[in-house]
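Here are some notes from going through the model, written for someone who will want to check the atoms directly. Have the viewer open as you read.

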Amino acid sequence: MSRVYNFSAGPAVLPEEVLKEAAEEMMDYKGSGMSVMEMSHRSKVYDTIIKEAEADLRDLMNIPDNYKVLFLQGGASQQFAMIPMNLMKNKKAAYIVTGQWAKKAYKEAQIYGDAVAVASSEDKTFSYIPDCSDLDIPEDADYVYICENNTIYGTKYKTLPNTKGHTLVADVSSCFLSEPVDVTKYGIIYGGVQKNIGPAGVVIVIIREDLITEDTLPGTPTMLKYKTHADAASLYNTPPAYGIYICGKVFKWLKKMGGLSVMKERNEEKAKILYDFLDESKLFQGTVVKEDRSLMNVPFVTGSDELDAKFVAEAKAAGFENLKGHRSVGGMRASIYNAMPKEGVEKLVAFMREFEQNNTMK
């Protein structure tokens, strides 16, 4: 069985080189006589793995010294609670709701304080990013929250919101390491790794040190305090050790490829191939306004549920996996993360072109 082109939104495609290396090291990691899956997270060997992973990530993203890098569990969804528990000193926060995940985070924050939706694109099925240049942000808001790339709807902030001096918190799960980023613009930038970086089970939180305090909301569990993990260098309890090891390999792969500016160029090139086809197609249409299109997640439809289902089935038979849209929106979605080769996108477009010719009235 040869490998398929995997357009899954997550868990998603990983670089083949990384998978092969991990396979070679599965039984014996660098002469240790055991797999990374089996070794103590307190061992010298593992300590090197996690420290190198952090150093490489800092290097890739130019993370300043006054930010901590935390490798945590619970997925991005656990951060929906952890953020207000740790940051809501005034019990107030501003949320920009641009999709299902931002909406879930906003609802979760309402448990802990006064979460205010200062902008939303729900009126048009989250198909655009609202203008965030002059939002009505409460003076005493502890932070402004965004989901920077919306996996389900295929939108991406091209300009960060004007937070009017408030701390910006961003969920970057589906655009993590897809392009260069200025970490200093954020108080917290975080994401689940299972889309662009590694296997499910790890969430990376990059947090400015002044936001890490003992002063959390009453009742915050020890495990949900950033300070707990920052003080223990992500080793307070057993971390998702094998997942972090794979992430570390992906960081090395990204450095070898030339870093994030090269990845951005590659990602723009891949996305252009698909978007250009969608713009000229008589059968397929993209669902996002042009200026807010994501480079990572590309949703599209034929306008007929029946044809959509036929396309997904025929694409699967031809070796293009996981093109069905999210259950909440239907249609199709191609997730074209860093590890998806350009050839995969070219072959998908060739298949779409053929499908269009076979399924349009002559």
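The points below go through salt bridges, cysteines, individual residues, a helix, a surface patch and some backbone details.

1. First, a reminder that this is a predicted model. Everything below should be read with that in mind.

2. Let's start with the charged pairs. The salt bridge count comes to 29. One of them pairs the side chains of Lys-256 and Glu-17, with N to O at 2.5 Å. This pair ties together distant parts of the chain: Lys-256 belongs to helix α6 (residues 241-257) and Glu-17 to helix α1, and the two are 239 residues apart. Lys-256 counts as exposed because its relative accessibility is 59%, while Glu-17, at 36%, is partly exposed.

3. Another salt bridge to look at is Arg-208 with Asp-210, where the closest N and O atoms are 2.6 Å apart. Their surroundings are worth checking too: Arg-208 has 19% relative accessibility and so counts as buried, the cut-off being under 20%. Asp-210 is partly exposed, with a relative accessible area of 48%.

4. The side chains of Glu-321 and Lys-316 form a salt bridge as well, at 3.0 Å from N to O. There is also a network: Glu-52, Asp-56, Asp-59, Lys-252 and Lys-255 are joined into one by salt bridges that share partners. If you plan to look at charges, you may want to display these five residues together.

5. How many disulfides does the structure hold? The number is zero. Cys-175 is in no disulfide, and the nearest cysteine sulfur, on Cys-147, sits 7.8 Å away. A disulfide needs the two sulfur atoms within 2.5 Å, so that pair does not qualify. Cys-175 is buried, with a relative accessible area of 8%. Cys-247 is in no disulfide either; for this residue the nearest cysteine sulfur is that of Cys-175, 16 Å away. Cys-247 is buried too, at a relative accessible area of 0%.

6. Is Arg-293 buried or exposed? Arg-293 counts as buried because its relative accessibility is 11%. It lies in the loop between β11 (285-286) and β12 (297-301). Its side chain makes a polar contact of 2.7 Å with the side chain of Asp-279. Beyond neighbours within four places in sequence, Arg-293 is in contact with Gly-154, Lys-156, Lys-158, Tyr-275, Asp-279 and Val-288.

7. Asp-142 is another charged residue in a loop, this one between β4 and β5. Asp-142 is buried, with a relative accessible area of 13%. What does its side chain reach at 2.9 Å? The partner is the backbone nitrogen of Asn-90. With neighbours within four places in sequence set aside, the contacts of Asp-142 include Leu-87, Met-88, Lys-89, Asn-90 and Lys-91, and also Thr-167. For a sense of scale, Asp-142 and Met-34 are 108 residues apart in sequence and 47 Å apart in space, going from C-alpha to C-alpha.

8. Which residues of helix α4 (residues 100-109) are buried? They are Gln-100, Ala-102, Ala-105, Tyr-106 and Ala-109. The cover over these buried residues includes α3 (75-87), β3 (92-97), β4 (114-120) and β5 (143-147).

9. On the outside, Met-26, Met-27 and Met-37 make a nonpolar surface patch of about 340 Å². Met-26 is found in the loop between α1 (16-24) and α2 (44-61). With 30% relative accessibility, Met-26 counts as partly exposed.

10. Some backbone details to finish. Gly-10 and Pro-11 are joined by a cis peptide bond, with omega about -10°; Pro-11 is in the loop between β1 (5-6) and α1. Ala-233 is not a glycine, yet its phi is positive, about 50°, and its place is in the loop between α5 (226-231) and α6. Asn-322 likewise has a positive phi, near 60°. Asn-322 sits in the loop between β13 (320-321) and β14 (332-335), and it counts as partly exposed because its relative accessibility is 42%.

Methods
Residues are numbered from 1 along each chain as its sequence is written. This is a predicted model: local features need pLDDT of at least 70, side-chain atom pairs count only at pLDDT 80 or more; totals for chains, interfaces and linings use all residues. Side-chain values use heavy atoms; hydrogens and water are left out. Helices (H or I, at least four residues) and strands (E, at least two) are DSSP runs, numbered from the N terminus. Buried means under 20% relative accessible area, exposed over 50%, partly exposed in between (1.4 Å probe, protein chains only). A polar contact is a pair of N or O atoms within 3.5 Å; within protein, one must be able to donate a hydrogen and the other to accept it, and residues adjacent in sequence count only if both atoms are side-chain atoms. Contact means heavy atoms within 4.5 Å. Patches are made of residues with over 30% relative accessible area and no salt bridge: like charges are joined within 9 Å, nonpolar side chains (Val, Leu, Ile, Met, Phe, Trp, Tyr) within 5 Å. Accessible areas come from the Shrake-Rupley method with a 1.4 Å probe; for residues, only the protein chains shown count as cover. A salt bridge is a side-chain nitrogen of Lys or Arg within 4 Å of a carboxyl oxygen of Asp or Glu.
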